[in-house]
Amino acid sequence: MGSIIVGSWDAIMDARFNPLRHFDLHLQHYFMQVLGWMWSMIFSLMFLSIYHFSVTWMLHILFIGGVTMTVMLFREAEKRQAQVCAQESYSAASRCVWKLDSEA
């Protein structure tokens, strides 16, 4: 049970494991900040309106929209990584490696 929780946490919150790992570090930070603020606002609005049934359906739509936005962002990160890998399919002969230690 604990490994499921840890695995789920890592898949979403740890930038080494979630699809945002394919972005630069500053983009990872930006998108995690945006997602964090978005989810904070969603849950704040949900708990505020727990006593107002007429508004809860709108907040459910907001919640589902937040989940959808998160999934779309993660899928876009995976798609961009696939495009980068496809573009970097050079032969071994065309790669240039600079061995600084051996040239110094």
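**Close-up 1. E76, K79 and R80 hook up in a network of salt bridges.** A salt bridge here is a side-chain nitrogen of Lys or Arg within 4 Å of a carboxyl oxygen of Asp or Glu. This is a predicted model, in which local features need pLDDT of at least 70 and side-chain atom pairs count only at pLDDT 80 or more, while totals for chains, interfaces and linings use all residues. Residues are numbered from 1 along each chain as its sequence is written, and side-chain values use heavy atoms, with hydrogens and water left out. One link of the network joins E76 to R80, with 3.3 Å between the closest N and O atoms. Another pairs the side chains of E76 and K79, at 3.6 Å from N to O.

**Close-up 2. The network partners sit along helix α3.** Helices are DSSP runs (H or I, at least four residues) and strands are too (E, at least two), numbered from the N terminus. E76 and K79 are three residues apart in helix α3, so about one helical turn separates them. E76 and R80 are four residues apart in that helix, again about one turn. How much of each side of the network is open to the probe? E76 is partly exposed at 30% relative accessible area, K79 is partly exposed at 46%, and R80 is partly exposed at 44%. The cut-offs are under 20% relative accessible area for buried, over 50% for exposed, and partly exposed in between (1.4 Å probe, protein chains only).

**Close-up 3. R21 and E78 form a salt bridge between distant parts of the chain.** Their side chains meet at 3.8 Å, N to O. R21 belongs to the loop between α1 (2–13) and α2 (25–48), whereas E78 is in helix α3 (residues 53–87), 57 residues apart. R21 is partly exposed, with 36% relative accessibility; E78 is partly exposed too, at 34%. By the salt-bridge rule, the count comes to three.

**Close-up 4. N18 is a buried residue in the loop between α1 and α2.** Buried or exposed? N18 has 0% relative accessibility, so it counts as buried. A polar atom of the N18 side chain lies 2.9 Å from the backbone oxygen of I12. Leaving aside residues up to four places away in sequence, N18 touches D10, A11, I12, M13, M32 and F74, where contact means heavy atoms within 4.5 Å.

Definitions and conventions
Polar contact = N/O pair within 3.5 Å; in protein donor to acceptor, adjacent residues only side chain to side chain.
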